[in-house]
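Visitor: I would like to learn how to read a structure like this one, step by step. Could we begin with how helices meet?

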Amino acid sequence: MGVLGGKNGGKIVLPSPAKLNLFLYITNKRADGYHELQTLFQFLDFGDEISLEVNESGEIELLNEIDGVTKEQNLIYRAAKLLQNHTACTKGAKIGVTKRLPMGGGVGGGSSNAATVLVGLNHFWQTGLSLEKLAELGLSLGADVPIFVRGFAAFAEGVGEKLVPCRPRESWYVVLKPNVSISTAVVFQDPNLPRNTPKRTLEQLLSEEWTNDCEKVVRDHYFEVEDLIAELLQYASFRLTGTGACIFAEFESEAEAKAVFAYKPKDIFGFVAKGQNRSPLHQMLNLTTFPQ
């Protein structure tokens, strides 16, 4: 992965990292139906790759298509057009994606792709927007896009828009994807979902054992998640990231993580990765990230 060329042309290959929600607590349901939460995002050194080939054509060309998704619906295309239109940029790009992250896994694949396109094209088109402005633009593409744009592990509150930089320990993780797609609507409409977990300070939360308020509801609705967690319980304590479907367990070393990964069922997708408080994308481009 790297830069072959740069602002004057050539193919650029950039990381589009996964993320985990290390904890997730739902503290309130607002009158407008949205849920307020407290959650902690951290990046992983594993993810998709986005290739950019900048040109002077003014056209945005996607090198990969997603079945059933038109170009205009594709988050990667939408991100590129959003930046192009906002900055009146006359340059174009050919954009490709190498997918490693599972669709519907809750590890941020689509949001991360959109953010990498925004950050990467802003850098190589030389459109000059700050990360804060890019994050503001990215919010119109998805609630998690600003996390990836800002590029630093963060504690989020409100409906996810209030972000505070954070430095949780950079552990090793086993991440597994049960063979199921989770409906976020089903989870948040369930009457048994906790909705009044007491708000705590970040300092309090960092000192406590972490859990996920969505996990019991997901395990009740989706036997695939329940069965996988139960099967692996003898090896490690797995928990849900976001509303799933991915589950993860934390380890102090790569060797410990790989030892448990070896016990996963053969038909289950998964990977071993290290937590990163600074996004691999921002590390590569040497960008000044969220904490100032």
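Guide: Let us begin with a helix contact, where one looks for the residues that face each other across the two helices. In this predicted model, Leu75, Ile76, Ala79, Ala80 and Leu83 in α1 meet a set of residues in α2, namely Gly110, Ser111, Asn113, Ala114, Val117, Leu118, Leu121 and Asn122. Sorted by class, the contact of α1 with α2 has 9 nonpolar, 4 polar and no charged residues.

Visitor: At what angle do the axes of α1 and α2 cross, and how are the two helices described as a result?

Guide: The general idea is to compare the directions of the two axes. Helix α1 covers residues 75-87 and helix α2 covers residues 109-124, and their axes come within 8 Å and cross at roughly 30°. Because angles under 35 degrees count as roughly parallel, α1 is roughly parallel to α2. The crossing in which α1 passes α2 is right-handed.

Visitor: Which helix packs with α2 at an angle of about 140°?

Guide: That helix is α3, residues 131-139, whose axis lies 10 Å from that of α2 where the two pack at about 140°. The pair α2 and α3 is therefore oblique, and α2 passes α3 in a right-handed crossing. On the α2 side the residues are Leu118, Val119 and Asn122, and in α3 they meet Leu131, Leu134 and Gly138. By class, the residues of this contact of α2 with α3 divide into 4 nonpolar, 2 polar and no charged. Leu118 and Asn122 in α2 also appear among the residues that α1 meets.

Visitor: What lies in the loop between α2 and α3?

Guide: Gln126 lies in that loop, and its phi is near 60°, a positive value in a residue other than glycine. Another such case is Asn286, with phi near 55°, which is found in the segment after α10 (280-285).

Visitor: Now to strands: in which sense, parallel or antiparallel, do β5 and β6 pair?

Guide: For strands one follows the bridges from one to the other. Strand β5, residues 154-157, and strand β6, residues 162-165, pair in the antiparallel sense over 4 bridges, and Ala156 stands opposite Leu163 in β6. The two strands form a hairpin with 4 residues between them, and in the turn Gly158 has a positive phi of about 70°. Strand β5 also pairs in the antiparallel sense with β2, residues 35-55, over 3 bridges, and there Leu40 stands opposite Phe155 in β5.

Visitor: Which residues does a cis peptide bond join?

Guide: To recognise such a bond, one looks at the angle omega. Here the cis bond joins Gly244 and Ala245, with omega of about 15°, and Ala245 is found in the loop between β8 (239-240) and β9 (247-251).

Visitor: Where does pLDDT stay under 50?

Guide: It stays under 50 over residues 1-8, for which the model has 22 contacts beyond four places in sequence. Where pLDDT is low, predicted coordinates should not be read in detail. For the chain, the mean pLDDT is 93, and 95% of its residues reach 70 or more.

How values were computed. Residues are numbered from 1 along each chain as its sequence is written. This is a predicted model: local features need pLDDT of at least 70, side-chain atom pairs count only at pLDDT 80 or more; totals for chains, interfaces and linings use all residues. Side-chain values use heavy atoms; hydrogens and water are left out. Two strands pair if DSSP finds at least two bridges between them. Axes are lines fitted to C-alpha atoms, for helices over the stretch in contact, and angles run from 0 to 180 degrees between N-to-C directions. Angles under 35 degrees count as roughly parallel, over 145 as roughly antiparallel, 65 to 115 as roughly perpendicular and the rest as oblique. A crossing is left-handed if the near helix is turned anticlockwise from the far one by less than a right angle, and right-handed if clockwise. Contact means heavy atoms within 4.5 Å. Ala, Val, Leu, Ile, Met, Phe, Trp, Tyr, Cys and Pro count as nonpolar, Asp, Glu, Lys and Arg as charged, and the others, Gly among them, as polar. pLDDT is the predictor's confidence in each residue, from 0 to 100.
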